[in-house]
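Take a look at the structure below. Then work through the briefing, one topic at a time.

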Protein chains: 2
Amino acid sequence: MIDGDRLLAGLRTLRGFGAEGTGVVRPTFSDPDMRARRWLRDEMVAAGLTARIDGVGNVVGTSPNHGPALLIGSHSDTQPTGGWLDGALGVVYALEIARALLERPDTSHLAIDPVAWSDEEGTYTSCLGSRSFAGRLTDDALTDRNASGESVAEAIERVGLAGVERARLDPARHVGYVEAHIEQGPRLEDSGDLIGVVTSIVGIRAVRVTVSGEQNHAGTTPMHRRADAGVVLFEFGHRVQQRLAKVAGPATVWTIGRAALAPGAESIIPGVASCTLQFRDPDDERLQVMEASIVELAAELSGRGPCTVSVERRRAPIPPTVMDPSLREHLRAAAEAHAPGRWAEMASAAGHDAMELAHVLPCAMVFIPSIGGVSHAFAEDSHPTDIVRGAEVLADATLRILTDGHLTRTPAG
Amino acid sequence: MIDGDRLLAGLRTLRGFGAEGTGVVRPTFSDPDMRARRWLRDEMVAAGLTARIDGVGNVVGTSPNHGPALLIGSHSDTQPTGGWLDGALGVVYALEIARALLERPDTSHLAIDPVAWSDEEGTYTSCLGSRSFAGRLTDDALTDRNASGESVAEAIERVGLAGVERARLDPARHVGYVEAHIEQGPRLEDSGDLIGVVTSIVGIRAVRVTVSGEQNHAGTTPMHRRADAGVVLFEFGHRVQQRLAKVAGPATVWTIGRAALAPGAESIIPGVASCTLQFRDPDDERLQVMEASIVELAAELSGRGPCTVSVERRRAPIPPTVMDPSLREHLRAAAEAHAPGRWAEMASAAGHDAMELAHVLPCAMVFIPSIGGVSHAFAEDSHPTDIVRGAEVLADATLRILTDGHLTRTPAG
């Protein structure tokens with residue numbers, strides 16, 4: 001139903017914006033990111049759609065056909081050192097499916113609206129574009145900043161989008177959102193399955209742990225007189241592994257991704273030490289237990305003195321998101337048609353824009369295998385046959401959804 | 001013998017170059033550092049000396065009197081977030097003693113050469129100025145870089161010192177080097193002593209510990225499939241405390257002052273994690289045992305897998321330095337005269353320029369108490385009476401040294 005060679009060529013072209021070795025450096029609102037968005041807009045227009053870059057950077061295509069329309073897409077921004085398929089895959093799938101279905105006489109009446117969301121990765125603030133589209137973006141998000149200290153509002157001004165209208169969901173037109181993505185983990189590869197139909201997206205919580213001690217000279221301060229914030233952070237970082245392992249389920253993951261000792265000199269006892277600790281699970285109750293366990297360990301270390309250990313949430317908890325049952329049914333049927341007996345239902349361990357859209361629209365997701373389960377790294381890759389198969393499954397499911405007599409606009413919740 | 005008010009006023013003026021709150025930010029070759037050096041040079045000239053800023057930034061004063069001359073000084077650069085007395089105290093003592101002795105008819109024939117060394121703190125490379133003066137600076141040190149990536153040679157060019165001759169020890173003139181410093185630790189305050197006469201300077205070693213794992217997505221990579229470099233670094237940082245405590249002596253100290261997880265994002269499993277570990281002791285054999293213990297722990301963690309842990313020396317080991325017995329004798333006599341029964345002999349737990357000069361000249365050091373033992377921090381301070389008393393002790397010792405019939409030029413070794 002789709003043109004596999006054209007699909008792969010599109011992915012390779014998109015990779016060219018910010019390519020670095022086998023990976024891509026295309027953070028939101030960077031020069032490569034904006035050039036990629038303009039290219040995507042032009043491709044959509046060339047495919048016969050209307051398309052524009054909206055006030056937060058979303059590339060929003062609109063089919064010339066009347067609704068009901070299916071939104072299909074993902075994000076085109078990358079992690080600071082990202083792979084070439086994370087986000088890009090789902091965006092180019094959307095472009096190709098919209099184009100292919102318009103070209104075929106038997107499907108040219110169907111309305112596919114492809115979209116490339118802005119800043120899913122949180123270079124400034126996570127899921128910026130999908131939050132805006134879903135009407136869930138609060139003003140304070142516009143003051144969130146990237147690592148260089150630039151705010152969302154300043155970046156929008158810099159790239160020339162100030163005053164440009166933000167695209168919004170059209171309840172009279174949009175009946176659902178489907179997103180394809182690389183799995184980013186080893187589940188499909190390990191089981192030999194070729195397609196993953198997502199049941200739910202895991203909930204995510206993240207805390208910042210800060211140890212406050214006393215900065216001092218690393219030579220002249222006797223060991224018994226120290227309040228070394230670093231020593232306590234190392235103890236916390238080591239012992240929290242064992243604590244969390246005790247309460248973990250089969251799908252639980254946790255990560256300390258950032259840590260810093262301040263002021264950070266070889267000859268100075270750190271006065272402050274901090275880290276971020278992120279944890280994910282499909283079960284919100286387990287996330288609550290994990291957070292309590294982290295707070296408890298911090299209180300133990302704090303109570304022992306002389307350093308104090310505080311725990312604060314890095315952001316509001318993201319609860320697990322259940323995918324829409326009827327969209328999932330169509331994805332299952334399409335998966336069975338293109339990969340008979342070799343597809344699986346699975347939870348998504350990564351966050352996605354579908355989490356935001358699910359508040360206002362039925363949503364579903366489909367995964368293809370990631371080689372070695374690697375993602376958020378230059379080595380991220382998938383086999384071309386898996387890439388093309390995934391697009392065929394999503395195109396087939398799109399047909400099934402748009403020709404289903406029971407289209408619903410009830411949010412998946 | 002000295003003018004206490006003028007001394008304190010000089011210290012306060014020097015503090016003004018780079019003052020930030022109660023502390024000072026005056027790293028080597030920064031704008032405040034160079035302005036401070038020009039001020040020191042001008043003060044020396046106003047005191048009747050010749051003075052210049054040499055090719056590595058040392059401010060070198062020369063008494064109009066013939067030798068034998070006593071070098072007195074310390075460094076005028078600070079840590080990234082430093083205190084107002086670390087280095088500055090000894091520099092302003094030298095200025096005041098040179099000036100006061102020139103002013104008094106009975107001492108105006110004595111030769112005091114005051115000096116303010118460059119980059120003792122190692123913003124670029126530690127003890128840059130004293131190494132140069134002692135003829136111990138190797139060419140490769142000029143390629144050492146600060147945290148912004150600027151090399152010593154580039155900085156020298158930037159501040160306009162390229163091509164300026166570097167001052168060198170004059171064996172026919174200089175008979176010794178004495179340096180006053182704040183203790184930077186709590187030893188004197190704890191015992192109620194007012195003056196410390198330094199017996200030796202501890203040896204220092206430093207290693208960088210690097211853990212190599214596998215960067216990956218923090219959501220989609222199951223715990224059992226991870227090679228999380230951060231987790232291993234936290235374990236190393238925690239367990240090394242217990243290992244080193246087992247082999248420590250009463251004066252041993254060790255510090256992890258820097259740590260980093262790379263790439264350092266909340267949602268990415270660190271592929272590389274590293275820290276610096278510095279350790280000090282008056283006994284070189286103990287330092288050897290400590291280093292072996294660190295290497296052993298790294299090998300254990302590395303052998304367990306899946307991450308590898310490597311240990312490399314950050315710099316050549318600095319062996320303990322013994323102070324010159326005859327200079328120490330004069331310092332002891334001066335201490336007893338100005339603080340009868342309230343002075344102590346002690347090892348210096350911090351490194352100092354005297355370590356470098358001791359290779360080529362008899363050296364000695366005197367300490368005054370630090371309030372709360374705090375140093376390398378904005379809160380660093382000493383009582384004004386202690387500051388003035390220290391200068392009187394050093395002036396008295398200077399007289400005793402320069403009027404001693406048995407001046408020697410044998411290095412202390």
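The points below cover the two chains, one helix and one loop residue.

This is a predicted model. A turn of 179 degrees and a shift of 0.1 Å along the axis lay chain B on chain A, with an RMSD of 0.2 Å. That relation is a two-fold axis.

**How the two chains relate**

- Two copies of a chain are related by a rotation about an axis and a shift along it.
- Here the turn is 179 degrees and the shift is 0.1 Å, which means the relation is that of a two-fold axis.
- In chain B, Phe234(B) has the C-alpha nearest the axis, 2.3 Å from it.
- Both copies use the same surface: 100% of the contact residues of chain B recur in chain A.

**Helix H8 of chain A**

- H8(A) runs over residues 284–304, 21 residues in total.
- From its first C-alpha to its last, H8(A) reaches 31 Å. That is close to the 30 Å expected at 1.5 Å a residue.
- Eight names are worth finding in the viewer: Leu287(A), Met290(A), Glu291(A), Ser293(A), Ile294(A), Leu297(A), Ala298(A) and Leu301(A) are buried in H8(A).
- Seen down the axis of H8(A), these buried residues fall within an arc of 155 degrees, so they line one face of the helix.
- The face turned away from the buried side carries the exposed residues Glu285(A) and Gly303(A).
- What covers the buried residues? Strands S9 (203–212), S11 (253–262), S13 (272–281) and S14 (308–313) of chain A are among the elements that do, and so is helix H7 (229–247) of chain A.

**The two ends of H8(A)**

- Asp283(A) caps the N-terminal end of H8(A). One of its side-chain oxygens lies 2.8 Å from the backbone nitrogen of Glu285(A).
- Just after H8(A) comes Gly305(A), with a positive phi of about 65 degrees.

**Gln184(A), a residue in a loop**

- Where is Gln184(A)? It lies in the loop between strand S7 (174–182) and helix H6 (187–191) of chain A.
- Is Gln184(A) buried or exposed? Its relative accessibility is 1%. Buried means under 20%, so Gln184(A) counts as buried.
- Its side chain makes a polar contact with the side chain of Asp86(A), at 3.2 Å.
- The side chain of Gln184(A) also makes a polar contact with the side chain of Ser375(A), at 2.9 Å.
- Gln184(A) touches residues of chain A including Ala350(A), His352(A), Ser370(A), Gly373(A) and His376(A).
- From chain B, Gln184(A) touches His217(B) and Thr220(B).

Notes
Residues numbered from 1 in each chain as written. Chains lettered and ligands numbered in written order. Predicted model: local features only at pLDDT ≥ 70, side-chain atom pairs only at ≥ 80, totals over all residues. Heavy atoms only, no water. Least-squares fit on C-alpha atoms with pLDDT ≥ 70 in both. Contact = heavy atoms within 4.5 Å. Helix = DSSP H or I, 4+ residues; strand = E, 2+ residues; numbered from the N terminus. Expected span 1.5 Å × (residues − 1). Buried < 20%, exposed > 50% of the residue type's maximum accessible area, 1.4 Å probe, protein only. Arc of directions from axis to C-beta. Polar contact = N/O pair within 3.5 Å; in protein donor to acceptor, adjacent residues only side chain to side chain. Lists of a residue's contacts leave out its neighbours within four places in sequence.
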